[in-house]
Amino acid sequence: MEAYTGFAEVYDMFMDNVPYEEWNTYLTGLLREYGINEGVVLELGCGTGKMTRLLAKSGYDMIGIDNSEEMLEIAMASRQEEDEILYLQQDMRELELYGTAKAVVSICDSMNYILEEEDLLEVFRRVNTYLDPGGIFIFDMNTIYKYQELLGETTICENREEGSFIWDNYYDEEEQINQYDLTLFIREEDELYRKYEETHFQRAYEVETVKKLLEKAGMEFVAAYDAFTHESVKPDSERIYMIAREKGKKNE
């Protein structure tokens, strides 16, 4: 599967209900709590670069990583003249940088796209490798509750002049994997609409599983919060934020 191919064209349009400015305020607040007020910050799964640009405006030297060429093309096209953001097309499981970063961040449930524990462990290992000593890793995840109770077995539709989508969800409780079947109709010239079909998969993880994988990767687990708060994760939390710290490289 090549995720976000046709959908990349209309991603920002259909995500215009996401309060990116508020998310940025929360994320930069967390970064500053850990003394990260400037310097290099890496965003994994940067997509079209909306959060990357906001973080850059907040004073960080940004690197955006995404596996979708189409998403990165939109991110590059959206750059302002004063932007010095470096965008790289990479699979986060194969992350490679020429230096280190003070922090790594990842939002919009990018980590849920990693379907195997061994692959998630590899992502965490590579993040640890490219963090400065004591650097901070902040990422969010959709929860099991959200997939089971809110998304699974639901259909979401939206119709606009520029395009429409039908989003069918199927959640496998045993595998803890949610399948997204997307059907898109994107307007082209002469009032014609082109149809695209994509299938995406996300996996839900227990907090304890993620914590163990972070520690196995050589990182220190710091905190898990109910999203956009400093409160503990609740049984009905829909999105959580997790924070880990680099605590020393392992020679392998």
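How many bridges pair β7 and β8, and in which sense? The two strands pair in the antiparallel sense, over ten bridges. Here two strands count as paired if DSSP finds at least two bridges between them, while helices (H or I, at least four residues) and strands (E, at least two) are DSSP runs numbered from the N terminus. The model is a predicted one, so local features need pLDDT of at least 70 and side-chain atom pairs count only at pLDDT 80 or more, whereas totals for chains, interfaces and linings use all residues. Residues are numbered from 1 along each chain as its sequence is written, and side-chain values use heavy atoms, with hydrogens and water left out.

Back to the hairpins. Within the β7 and β8 pairing, Ile166 has Thr183 of β8 as its bridge partner. Four residues lie between the strands of this hairpin, and Gln176 takes a positive phi near 60 degrees there. Gln176 belongs to the loop between β7 (163-172) and β8 (177-187). β8 is also joined to β9 (residues 193-203), by eleven bridges and again with an antiparallel run; Gln179 stands opposite Phe201 of β9. The hairpin of β8 and β9 has five residues between its strands, and Asp190 is the one with a positive phi near 60 degrees. Most residues other than glycine have a negative phi. Another case is Cys108, not a glycine either, with a positive phi of about 60 degrees. Cys108 sits in the loop between β4 and α5 (117-129), and its relative accessibility of 16% makes it buried (buried means under 20% relative accessible area, exposed over 50%, partly exposed in between, with a 1.4 Å probe and protein chains only).

Next comes the seven-stranded sheet. This sheet is open, with mixed pairing and the order β3-β2-β1-β4-β5-β11-β10. Its edges are β3 (86-89) and β10 (219-226), which each have a single partner strand, so one side of each lacks a neighbour in the sheet. On average, neighbouring strands are turned by 20 degrees against each other, direction ignored; axes are lines fitted to C-alpha atoms, for helices over the stretch in contact, and angles run from 0 to 180 degrees between N-to-C directions. Strands β1 (residues 39-44) and β2 (residues 60-66) run parallel and are joined by six bridges, with Val40 opposite Asp61 of β2.

Helix α3 (residues 50-57) packs on this sheet, where it touches β1, β2, β3 and β4 (101-106), and its direction makes about 170 degrees with that of β2. Contact means heavy atoms within 4.5 Å. Met51, Thr52, Arg53, Leu54 and Leu55 are buried in α3, and the buried residues of the helix pack against α2, β1, β2, α4 (69-77), β3 and β4. After α3 comes Gly59, with a positive phi near 110 degrees.

The same region turns up in the pocket search. The second largest pocket holds about 210 Å³ of space. A pocket, on a 1 Å grid over the protein atoms alone, is an open set of points where a 1.4 Å probe fits, with protein on both sides within 12 Å along at least five of seven lines; lining residues have an atom within 4 Å of a point. Grid points are joined across faces, edges and corners, and the volume is the space filled by probe spheres set on the points. Eleven residues line this second largest pocket, and Ala56, Tyr60, Asp83, Glu84 and Ile85 are the closest to its centre. The elements giving two or more residues to the lining are α3 and β2, and β2 gives the most, with four.

At the β10 edge, Glu220 lies in strand β10 and is partly exposed, at a relative accessible area of 33%. Neighbours within four places in sequence aside, Glu220 is in contact with Ile243, Ala244, Arg245 and Lys247. The C-alpha atoms of Glu220 and Lys249 are separated by 12 Å, with the two positions 29 residues apart along the chain counted as their spacing.

Finally, the aromatic rings. Rings of Phe, Tyr and Trp (its six-membered ring) pair if their centres lie within 6.5 Å; planes under 30 degrees apart are stacked, over 60 edge-to-face and the rest tilted. The count comes to eleven aromatic pairs. Tyr26 and Phe228 have ring centres 5.5 Å apart and planes at 70 degrees, so this pair is edge-to-face. The pair links distant parts of the chain, 202 residues apart: Tyr26 is in helix α2 (residues 20-33), and Phe228 in the loop between β10 and β11 (239-246). Tyr26 is buried at 10% relative accessibility, whereas Phe228 is partly exposed at 35%. Ring pairs also link Tyr20, Trp23, Tyr26, Phe228 and Tyr241 into a cluster.
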